[in-house]
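Subject: Structure for your review

Dear colleague,

I am handing over the structure below, together with its sequence, and would be grateful if you could look through it. My notes on what was found follow it.

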Amino acid sequence: MIVPMPDHPFSAAFARVDEPWGRALRCHDLPFTHLFATRDANVRSGSPGAPQAWVDVAVSLGLTSDRIARAFQVHGRAVVVVRAGEPLSDVQEADILVTNDVSRAVCVKVADCVPLLIGDP
């Protein structure tokens with residue numbers, strides 16, 4: 001998820017972290033690896049650096065970029081289910097990604113909406 005990084009302080013539950021590719025947010029209370037990326041990640045579609053940027057974000061999650069299921073937010077109600085053992089599809093248009101595969105990450109790129117991350121470890 002790509003979110004703007006305001007200069008004001010966040011809730012004590014969140015921490016700004018410096019990744020090799022730029023700033024991100026992590027929530028102290030979530031018991032699984034995650035991050036909220038900022039535009040510093042430069043994963044924008046069409047950006048010449050986007051393929052490498054996805055590799056860099058994946059490294060921050062302890063994964064390879066082929067383990068990230070991605071979607072573009074479309075302000076709809078589409079849900080993509082990423083099941084363990086099934087191949088990942090290309091980037092899709094959806095507002096929700098769900099997985100039961102702990103070896104994968106899910107990413108919804110947002111623009112003007114608040115990203116939500118819900119997990120059940």
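This is a predicted model, and the pLDDT of the protein chain averages 86, with 92% of the residues scoring at least 70. Among the elements of the chain, helix 1 has the highest mean pLDDT, at 93, whereas strand 6, which covers residues 92-93, has the lowest, at 86.

Turning to the sheets, one is an open sheet of three strands in the order 1-2-3, with antiparallel pairing. Strand 1 (14-19) and strand 3 (36-37) each have a single partner strand and stand at the edges, so one side of each is left without a neighbour in the sheet. Strand 1 runs antiparallel to strand 2, residues 22-27, and six bridges join the two; within this pairing, Phe14 has Cys27 of strand 2 as its bridge partner.

Another open sheet of three strands has the order 6-4-8, and here the pairing is parallel. Its edges are formed by strand 6 and strand 8, each of which has a single partner strand, so that one side of each is left without a neighbour in the sheet. Strand 4, made up of residues 68-72, pairs with strand 8 in the parallel sense over five bridges, and Ala69 stands opposite Val106 in strand 8.

As for the interior, the largest nonpolar core holds 15 residues, of which Trp21, Ala41, Val43, Val57, Leu61 and Ile68 touch the most other members. Helix 1 (50-60) and strand 8 (105-109) each supply at least two residues of this core, and the largest share, four residues, comes from helix 1. Apart from this core lies another one, of eight residues, which include Ala71, Leu97, Val108 and Val110. In soluble globular proteins, nonpolar side chains tend to be buried together.

One further residue may be worth finding in the viewer. Arg83 is placed in the loop between strand 5 (79-82) and strand 6. Is Arg83 buried, exposed or partly exposed? Its relative accessible area is 44%, and because buried means under 20% and exposed over 50%, Arg83 counts as partly exposed. Leaving aside residues up to four places away in sequence, Arg83 touches Asn100 and Arg104. The C-alpha atom of Arg83 is separated by 24 Å from that of Val43, which is 40 residues apart from Arg83 along the chain.

With best regards

Conventions: Residues numbered from 1 in each chain as written. Predicted model: local features only at pLDDT ≥ 70, side-chain atom pairs only at ≥ 80, totals over all residues. Heavy atoms only, no water. Pairing = 2+ DSSP bridges. Core = buried A, V, L, I, M, F, W, Y, C linked by side-chain atoms within 4.5 Å. Buried < 20%, exposed > 50% of the residue type's maximum accessible area, 1.4 Å probe, protein only. pLDDT = per-residue confidence, 0-100. Contact = heavy atoms within 4.5 Å.
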